[in-house]
Amino acid sequence: MLRKLLFSSLFFVSCVDAQEHDFPTILSCHASSDKPGLAVSIEQSGKHVFKGALGVADLNTRELLRVDDTFQIGSISKQFTAAAILQLAENKKLSLKSTLGDFITDIPVEYASLTIESVLSHTSGLPNYNSDTEVRQRWNKYAPIDEVINVVSKMPVLAKPGVDYAYSNTGYILLGKVIEVASGLTYSEYLQRNIFSPLGMKNSFVVTKGVSSKRIVKGYTSNRNAPDLYVAPENVDRSWIYAAGAIASTLDDMSQWHRGLSSGKVISAENYQLMVTRAKLNNGESVNYGFGTDVYPISDQPSYSHQGQVPGFMAWSVYFPSHDLLGTVFGNNDAVHPGPALLNMIARQLNLSPAPIAEKDITEQAKALIGTYKGADDTVMTVTFDNGQLSAKNGNGVMQKLVLRENNSFSYECTEDYYQLREQDDKRLLVPVSIYMGERAPLVRMEI
């Protein structure tokens, strides 16, 4: 009872059937009230299933995160950049077969010849400027976009167009400039007039010179070796991130964005399909990316998504079309990926993992799982059941509590990834199943 009262005093939550899946408890596994944290939203068939926030928006003032706070969304911005390009194509301002050189002067010849289509899908062969030494020495200060392009375009291309997939922030910076030349507006102005305002996204904007950062929660970074020590993130002026990832938004605005994009309010249904269809290489092989969108299955379910990271922030937005479910999560610590928190909630909502067993007497179900299991890489797990508690000890002797689940399965606490006991060729196998990555190599129960 005390724990439930504590949740109610610290969470900013609105939900439908949240108690059925206990989403607040899942959120508390991934965030706490005294550290930078998370804001998460799940909606299905146009109705919010859960919306909650847990954590600190500002460590100095100790102000708590709220569900309507504004976060930087990083590379999820690429969805907006791609949609803007497609809008301009629909308005005959450009063609997907146009080249970068048709709109941007003074870039290397190998850059200028690349088609907009190939840049959108990261199949152009362009490099990623993030690792460039000269860029990193300069990106702490504001620079006009032409200066940014002059610097980031000095890196050689990695391959010929269509040969391979290579994620390129450089490419999306160049697409931002294409938008400006084709429209006669700045990138920020274009999005405001043609996407944010028409969709009613009142709290979304491009972080750029002259935009007050007071509208955004504070971003932090932590050291993996000292996770409770928070420092200011690396200073990267957002002029160096631009159309590749400089948008800030809210959970509600991201909902408006998805509804507008998928319903034909932003671009045509045909062009939306281009965004969510896997691009193809010259050899006919498909890549897990469309235009501004990751396209791949999660737990055998089709999904359209994008993650984002900029100094101080991480975010992930994912849509499952078969279930009409949209999930979005923001975090204000760039060292902790917020995806697992969201995916654990989605797994519960869509029954992607075996349900936890709630019966008081779990003895018979637990007995079937007891034993020592060994993997091909010499991984060892010993499952025990003592005093009504199922537990597992790894090869280092660390004991952890387990959650018993249906279908001869169990998981560790605070995760929907699970292990399932199966029989094959007279052997008992313990198969690890990741909600995100799928099945992994099994462990075999050792006979006594």
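A residue counts as buried under 20% relative accessible area, as exposed over 50%, and as partly exposed in between. The exercises below use a predicted model.

**Exercise 1. Place Lys 218 and classify its accessibility.**

Solution.
- Step 1: Lys 218 sits in the loop between β7 (205-206) and β8 (221-223).
- Step 2: The relative accessibility of Lys 218 is 44%, so Lys 218 counts as partly exposed.
- Step 3: Leaving aside residues up to four places away in sequence, Lys 218 touches Ala 57, Asp 58, Phe 313 and Asn 332.
- Step 4: From Lys 218 to Phe 71 there are 147 residues in sequence, but the C-alpha to C-alpha separation in space is 8.4 Å.

**Exercise 2. Find the class of the ring pair Phe 71 and Phe 330, and state which parts of the chain it ties together.**

Solution.
- Step 1: The whole structure holds 13 aromatic pairs.
- Step 2: In the pair of Phe 71 and Phe 330, the ring centres are 5.2 Å apart and the planes stand at 40 degrees, so the pair is tilted.
- Step 3: Phe 71 belongs to strand β6 (residues 71-72) and Phe 330 to strand β14 (residues 325-331), so the pair ties together parts 259 residues apart in sequence.
- Step 4: Phe 71 and Phe 330 are both buried.
- Step 5: Ring pairs also bring in Phe 313, giving a cluster of Phe 71, Phe 313 and Phe 330.

**Exercise 3. Do the same for Tyr 296 and Tyr 436, then decide whether each is buried or partly exposed.**

Solution.
- Step 1: The ring centres of Tyr 296 and Tyr 436 are 6.0 Å apart with planes at 85 degrees, so this pair is edge-to-face.
- Step 2: Tyr 296 is in the loop between β11 (294-295) and β12 (304-310), and Tyr 436 is in the loop between β21 (427-434) and β22 (438-439), so the pair ties together parts 140 residues apart in sequence.
- Step 3: With 17% relative accessibility, Tyr 296 counts as buried.
- Step 4: With 35% relative accessibility, Tyr 436 counts as partly exposed.

**Exercise 4. Describe how helix α4 packs against helix α9.**

Solution.
- Step 1: Helix α4 (residues 77-90) and helix α9 (residues 169-183) pack at an angle of about 40 degrees, and their axes are 10 Å apart.
- Step 2: The crossing of α4 and α9 is left-handed.
- Step 3: Residues of α4 in the contact include Lys 78, Ile 85 and Leu 88, and those of α9 include Tyr 172, Leu 175 and Ile 179.
- Step 4: Sorted by class, the contact has nine nonpolar, three polar and one charged residues.
- Step 5: Lys 78 lies over the face of Tyr 172, 5.6 Å from the ring centre.

Note on methods:
Residues numbered from 1 in each chain as written. Predicted model: local features only at pLDDT ≥ 70, side-chain atom pairs only at ≥ 80, totals over all residues. Heavy atoms only, no water. Phe/Tyr/Trp six-rings, centres within 6.5 Å; stacked < 30°, edge-to-face > 60°. Helix = DSSP H or I, 4+ residues; strand = E, 2+ residues; numbered from the N terminus. Buried < 20%, exposed > 50% of the residue type's maximum accessible area, 1.4 Å probe, protein only. Lys NZ or Arg CZ within 6 Å of the ring centre and 35° of its normal. Axes fitted to C-alpha atoms, helices over the stretch in contact; angles between N-to-C directions. Left-handed = near helix turned anticlockwise from the far one by under 90°. Contact = heavy atoms within 4.5 Å. Nonpolar A, V, L, I, M, F, W, Y, C, P; charged D, E, K, R; others polar.
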